Amino acid sequence: MKLKRQKHDTSRYIPRNIRDEVYARDRGRCTFLAPGGKRCGSTWDLQIDHIVPFARGGDNSPSNLRLLCARHNQLEAERAYGNKFMKQFHEAGHDTG
Ligand SMILES: [Zn+2]
């Protein structure tokens, strides 16, 4: 099995049976809702996302977990953590024009 693991994921390990439950509930599809209310539904490179981030007290119960495709997982992560991070880049960026 090819799984990309990141160091910080070890503290939020999700037991197999919980993963199975989330997969079954979400029917193995990305649950991301576009602004228009349309569900992504992608089956590509699915990852389990914490609705309330683990770092903010979210737990590993199925009600706090959802399936997101890699792209939307990234998007949500940027939304949750990235604002300050991205702003840094903008402010640090030098206009070489
Ligand atoms: Zn998606």
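## Leu-33, the nonpolar core and the overall fold

Leu-33 counts as exposed because it has 11 C-beta neighbours inside 10 Å, and the cut-off for an exposed residue is 12 or fewer. The model discussed here is predicted. Leu-33 lies in the loop that runs between α1 (16-25) and β1 (46-50). From Leu-33 to His-72 the C-alpha to C-alpha separation is 9.6 Å in space, with their positions 39 residues apart in sequence.

His-72 also appears among the residues touched by Cys-30. Leaving aside residues up to four places away in sequence, Cys-30 touches Cys-40, Gly-41, Ser-42, Leu-46, Leu-67, Leu-68, Cys-69 and His-72. Cys-30 is itself one of the 8 residues of the largest nonpolar core. The other members are Val-22, Phe-32, Leu-46, Leu-65, Leu-67, Leu-68 and Cys-69. Strand β2 (residues 65-69) contributes the most to this core, giving 4 residues.

The elements named above are set out here.

| Element | Residues |
|---|---|
| α1 | 16-25 |
| β1 | 46-50 |
| β2 | 65-69 |

Across the protein chain there are 2 helices and 2 strands, and their order along the sequence is α-β-β-α. Of the 97 residues in the protein chain, 12% are buried. Contacts between residues at least 6 apart in sequence include 54% that join residues at least 24 apart.

Note on methods: Residues numbered from 1 in each chain as written. Predicted model: local features only at pLDDT ≥ 70, side-chain atom pairs only at ≥ 80, totals over all residues. Buried ≥ 20, exposed ≤ 12 C-beta atoms within 10 Å, placed from the backbone. Contact = placed C-beta atoms within 7 Å. Core = buried A, V, L, I, M, F, W, Y, C linked by C-beta atoms within 7 Å.
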